[in-house]
Amino acid sequence: APAARLPELTPAERVEQKLIACGVPEEQLREDHQEGLLMYLEEHADKISEVTAAILSAGTEISEARKSSKKDKDSGSSSDSDAYSESLSWLQWMMFRNEPDAVLDDMEHSSAGERAVCGSVWGQNDLAYRCRTCENDSTCAICVPCFQNGNHEDHDYSIMYTGGGCCDCGDATAWKREGFCSRHKGAEQIKPLPEELASSVGPVLDELLLFWKERICLVEAPTRKADEGTPCKSVAEELTTSIADMLLRFCTSSESLLSFVSQRIRESPDLLDALTRAERLLDKEVLKNLHELLLKLITEPAFKYEFAKVFIQYYPGTFSQVIKGNNDNLLDEYRLIPTFSVQIFTVPTLTTRLVREHNLLGILLECLTVLFLSCVGEDAHLQTSKWGNLYDSSLRLLEDTRYVVSHEEVSKYVAYERPDLTRSWIKLLSLVQGMDPQKRVTSIHVEDENENLASPFMLGHYLGIIQNLLMKGAFSSPGQQESTDVTVCSTAIKGMESAENQRHAKVGRVSQENLVCSSSTRESSSSSELPAPATCLIRQCLKAIESWLEPGPRRRKLSSLDASSTDARNFLALLEDTLTINKGGSSKQIGDVGMKVNEGSQIDDAADYHEVVGSPAQESDDMMLIDQVGSPQAGNDAGKGKMNKSSNGLDVQLHSENAISVALTDGSLLYAHPDSRIDELGILNMTSWPRVVFDVGSQETSFHIPLHRMLSLLLRKAIKKCFGEDAKPEECSVVQSKEFFSQVLGGFKPYGFASIVMEHPLRVRVFCAQVRAGMWRKNGDAAILSAEWYRSVQWLEQGLESDLFLLQCCAALSSPEFFVKTIQERFGLSNYISLVLTEQNEYEPVLMQEMLVFLIQLVKERRFIGRSTADNLKRELIYKLAVGDATHSQIVKSLPRDLSSSDQLQSVLDSLAVYSNPSGMKQVLILEIV
């Protein structure tokens with residue numbers, strides 16, 4: 001006959017059995033229960049550890065028993081969440097030596113109205129207030145009660161819906177003290193826990209935390225998603241839920257107890273590491289309680305620092321799993337990252353310390369690099385089709401990077417002490433450069449639209465924000481931040497200039513009128529000299545652009561390396577070679593092309609423009625042949641025509657063996673003078689103006705050129721520093737401007753710089769002009785939307801205006817004939833302007849109009865040079881209000897980002913517009929003619 005089933009013990013009876021086995025008298029437990037245990041421990045204090053372990057083992061037995069009987073429908077067991085409740089109740093008696101609820105209630109009442117930090121934890125879509133007057137950064141907010149109990153009269157505040165997080169009232173690292181409410185006065189007001197209470201709580205709590213860590217470490221990561229939970233996992237989840245609830249009660253009852261608990265947790269060996277790794281092991285509902293507890297604890301500064309150290313060690317492994325799975329949805333399973341990165345990386349003192357001591361920024365850039373490399377194609381550029389699956393993960397990394405570099409001390413530290421981090425940033429931009437190119441369709445209309453079309457624009461937006469923050473450090477005064485790395489950076493620049501001067505000792509002639517980097521300007525010194533990190537950064541950016549275009553062996557190695565299946569370090573090692581300061585010679589694909597040039601005097605600008613004659617179709621065919629076989633086939637028609645005679649008159653036929661052509665990696669073909677020595681000096685060091693053959697209407701063109709946008713930003717900041725509103729008038733002479741360009745260009749030559757750097761921003765403008773002319777209709781919405789986004793306010797500063805300024809810089813370093821001729825060729829209007837009307841098309845009139853508008857903008861636009869911030873604001877506001885009335889928020893949203901955040905906005909707005917009284921739900925600004 002089967003054995004009779006024994007009656008199930010209650011949780012309290014299980015605990016008492018364990019205690020009796022430890023030596024606690026049964027009579028004391030039966031009569032006095034918890035009080036009897038306290039009397040026993042007063043005489044046997046050395047038994048606290050053993051008794052604590054016995055009590056917790058009772059909870060483990062209950063949990064395991066319930067797990068084994070889970071399938072029994074008739075089981076009368078209570079909820080799983082109660083498995084450890086009885087055990088923790090006994091432990092709380094041991095901690096407080098009294099009834100726990102009574103003690104906690106007394107502590108809560110005694111500290112009512114005197115809490116130092118609020119720390120209220122929000123859920124999804126809870127209401128909170130943001131006050132721009134009181135916040136330390138845009139991620140800070142306070143709860144409704146704290147706002148109502150504070151003084152925010154005449155402050156710039158707004159109501160928002162939260163996505164999680166906690167109230168910042170009382171936290172001096174996030175909120176200004178004058179913005180604290182009447183109930184929260186700062187973390188320094190927290191009093192320590194009384195010594196008597198600490199001596200009773202500490203030993204028991206330490207044993208509990210040790211047991212908690214051991215149970216979490218026993219859980220094994222599931223091999224697949226559908227795996228059933230193991231007994232160890234069930235025990236760990238029940239224990240975590242119970243402990244988190246208990247400690248949350250402690251933290252809400254007393255800040256002194258919160259501070260004490262946080263100290264014990266951070267001092268418990270490896271516990272924080274186990275709690276962060278628990279995210280991969282435990283159920284999501286359990287983790288919500290755990291994260292809520294951690295959000296409470298990080299209000300204590302010492303705990304926040306210790307937790308942050310563990311957090312940034314956990315960070316790369318999380319993204320490694322997401323990248324390996326190639327799916328953004330995996331990031332939703334790791335809620336620790338988005339929940340706590342904003343809490344940690346937005347604290348200036350903490351973030352700066354993490355960057356210095358634990359290489360936080362290096363970790364973030366490495367994660368970004370690995371992610372981008374996993375999406376790199378055979379051309380060594382980011383592939384939108386691959387990267388689209390990791391779009392949200394990329395934005396998470398970029399957002400965290402933005403938090404880190406937004407602190408002034410971090411950007412200074414990177415500029416003056418960690419130039420390797422700026423090199424890593426440039427490597428990232430090199431991978432994005434030229435992504436998602438578009439090619440005009442002339443046959444069948446495209447039916448499949450590009451679902452990821454907007455993603456690269458958003459990526460460029462984030463990249464622009466981050467590099468703008470990085471540049472602030474490069475252009476700041478070193479102050480106390482300067483270190484030996486500044487000397488290293490300066491020495492690198494001087495060494496590069498010295499090496500370039502030696503290389504250029506035998507370079508062919510160039511007009512001295514056009515060479516701003518002449519020896520006279522090199523020898524003079526400027527009182528507006530740029531900081532060494534800024535100059536070094538400009539050189540690195542130029543080298544990266546040059547390396548991106550080079551078709552030498554190094555580029556071919558990069559193209560043949562599939563980063564998704566190869567060690568990323570090998571890929572980065574090759575990429576590192578392209579960004580070195582002292583660049584060695586690299587072979588080029590040299591083709592022999594016959595051509596005619598005019599051999600004039602040195603001061604004849606036209607003599608430096610080497611015309612390759614032939615129809616556009618022939619030039620395109622030649623280029624395509626080079627792309628396929630490496631050099632033009634013999635027997636092409638190049639060299640049959642003649643260049644127009646200039647003032648000094650003679651045309652001299654160059655032998656084909658003396659002329660060179662170079663196929664660049666962007667699909668263009670470069671024709672250069674034989675003396676250019678491109679194979680040794682690089683394409684940016686040509687002293688004569690080359691001719692680049694490229695047809696926007698038939699070749700791939702990309703809107704995404706972050707290296708050029710970074711160069712534009714650097715030049716804008718450099719000019720502003722030397723000749724901006726704060727510069728002295730005596731420093732803004734013509735001589736000073738020549739010294740400025742000499743310092744900026746270093747060893748690069750004006751013609752080489754202008755002719756190559758202008759190409760890609762110009763192609764984007766031509767692309768937009770062709771879209772307006774209707775040449776890209778068969779491409780569907782992709783081309784139209786790209787052109788619209790390029791001109792939109794959201795991307796205006798980092799797109800159209802940035803490119804226009806870079807083209808203006810190129811124009812300043814060019815001969816007018818060469819520069820305008822290149823523009824005519826890119827627009828495809830050379831024949832139209834020369835009145836050769838044998839071949840006409842319907843698009844030329846619109847293209848001509850667009851080109852003229854573009855030339856007018858080049859000459860007249862002074863958004864980034866020549867106009868003050870107030871002038872730019874006045875112009876933008878007049879344009880906006882002349883169209884119609886607008887609310888204040890509409891005005892701010894219509895402005896470029898740098899102008900909308902300007903301190904002068906309100907004063908300029910007051911001088912141009914008047915505020916009308918509210919009418920219904922509308923509050924509008926009306927333009928007043930002055």
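**Close-up 1. Cysteines in the predicted model.** A search of the whole structure, which is a predicted model, finds 0 disulfides. C143 takes part in no disulfide, and its nearest cysteine sulfur, belonging to C146, lies 3.4 Å away. A disulfide requires two cysteine sulfur atoms within 2.5 Å, so the 3.4 Å between the sulfurs of C143 and C146 does not qualify. C143 has a relative accessible area of 7% and is therefore buried. C541 is also counted as buried, because its relative accessibility is 0%.

**Close-up 2. Surroundings of N289 in helix α12.** Helix α12 covers residues 284–297 and includes N289. The side chain of N289 makes a polar contact of 3.0 Å with the side chain of D245. Leaving aside residues up to four places away in sequence, N289 touches T241, A244, D245 and L248. D245 thus appears both among these neighbours and as the partner in the polar contact.

**Close-up 3. Helix α19 and its enclosure.** Helix α19 comprises residues 408–417. Of its 10 residues, 8 are buried, so the helix is largely enclosed by the rest of the structure. The buried set in α19 consists of V410, S411, K412, Y413, V414, A415, Y416 and E417. Among them are K412 and E417.

**Close-up 4. A nonpolar patch on the surface.** L127, I159 and Y161 make up this patch, and together they have about 350 Å² of accessible area. L127 belongs to strand β1, which spans residues 124–131. With a relative accessible area of 44%, L127 is classed as partly exposed.

Note on methods:
Residues are numbered from 1 along each chain as its sequence is written. This is a predicted model: local features need pLDDT of at least 70, side-chain atom pairs count only at pLDDT 80 or more; totals for chains, interfaces and linings use all residues. Side-chain values use heavy atoms; hydrogens and water are left out. Patches are made of residues with over 30% relative accessible area and no salt bridge: like charges are joined within 9 Å, nonpolar side chains (Val, Leu, Ile, Met, Phe, Trp, Tyr) within 5 Å. Accessible areas come from the Shrake-Rupley method with a 1.4 Å probe; for residues, only the protein chains shown count as cover. A salt bridge is a side-chain nitrogen of Lys or Arg within 4 Å of a carboxyl oxygen of Asp or Glu. Helices (H or I, at least four residues) and strands (E, at least two) are DSSP runs, numbered from the N terminus. Buried means under 20% relative accessible area, exposed over 50%, partly exposed in between (1.4 Å probe, protein chains only). A polar contact is a pair of N or O atoms within 3.5 Å; within protein, one must be able to donate a hydrogen and the other to accept it, and residues adjacent in sequence count only if both atoms are side-chain atoms. Contact means heavy atoms within 4.5 Å.
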